[in-house]
Amino acid sequence: IADPELTVGMPRFITVGTGFDALAHCLEAYCAPGYHPMADGIAVEGIRLALENLPKVAARPDDIEARGHMMSAAAMGATAFQKGLGGIHALSHPVGALYDTHHGMTNAVFMPYVLAANRPAIEQRISRLAAYLGLAPSFHGFLNAILELRRSLDVPHSLKDMNMDGFQRERIAEMAIVDPTAGGNPVPLTKELVMQIFDRASEGEVD
């Protein structure tokens with residue numbers, strides 16, 4: 001039962017974190033390689049619902065209509081990711097296990113850095129998504145929307161802003177490449193690539 005009234009009392013941090021988790025599920029499902037147009041369609045609409053309604057529920061926790069849309073986006077992400085997930089989750093899982101960070105918020109931090117790393121394989125797909133969302137129909141149109149959403153909702157821009165050091169970066173990379181979600185990434189997740197993403201996320205270097 002998806003009852004938005006059950007989410008009204010959630011702290012803002014949890015609202016934002018779980019909202020970004022729903023967004024990450026939809027986005028990674030959409031970007032995952034393979035042919036599953038039904039999952040893609042569900043994911044695209046889930047992304048739209050999340051982008052439009054997450055700021056509303058963060059600003060007004062009692063906005064039941066927006067809460068309902070976010071619950072729909074969450075359910076849609078859970079449906080769509082039968083197609084696959086990817087590097088956002090593959091990195092977020094070990095970081096959460098080792099540093100006890102909130103899963104959804106960790107996804108939010110890694111999201112633009114993984115998008116940038118995957119750009120060679122997803123640029124055309126993301127441009128189509130941006131056009132559907134009413135953004136500039138380009139990879140950067142969507143990337144900039146994600147960066148602005150993070151900024152407006154007080155998501156840490158970098159791992160350093162989460163008070164994370166790089167002491168376990170190699171261990172994180174080794175855990176990430178064997179994570180069950182790694183195989184759904186649009187480009188092969190090697191240990192070297194994961195460490196590059198981790199380093200960029202540590203320093204806040206998106207491009």
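Start with the whole protein chain: buried residues make up 53% of its 207 residues (buried means under 20% relative accessible area, with a 1.4 Å probe and protein chains only). This is a predicted model, where local features need pLDDT of at least 70 and side-chain atom pairs count only at pLDDT 80 or more, while totals for chains, interfaces and linings use all residues. Residues are numbered from 1 along each chain as its sequence is written, and side-chain values use heavy atoms, without hydrogens or water.

Switch to cartoon. The protein chain holds 8 helices and 0 strands (DSSP runs: H or I of at least four residues for helices, E of at least two for strands).

Now show the C-alpha trace. Its principal axes span about 45 × 35 × 30 Å. The radius of gyration is 16 Å, which agrees with the value near 17 Å for a compact globule of 207 residues (taken over C-alpha atoms; the rule is 2.2 Å times the number of residues to the power 0.38).

Turn on contacts (heavy atoms within 4.5 Å). Of those with a separation of 6 or more, 74% join residues 24 or more positions apart.

Next, select Tyr 30 and Arg 125. Arg 125 lies over the Tyr 30 face, 4.7 Å from the ring centre (the criterion: CZ of Arg or NZ of Lys within 6 Å of the ring centre and within 35 degrees of the ring normal).

Finish on Cys 26 and Cys 31. Cys 26 is buried at 0% relative accessible area; Cys 31 is buried at 9%. Why is the sulfur of Cys 26 not bonded to that of Cys 31? The two sulfurs are 11 Å apart, too far for a bond. The whole structure has 0 disulfides (cysteine sulfur pairs within 2.5 Å).

How values were computed: Buried < 20%, exposed > 50% of the residue type's maximum accessible area, 1.4 Å probe, protein only.
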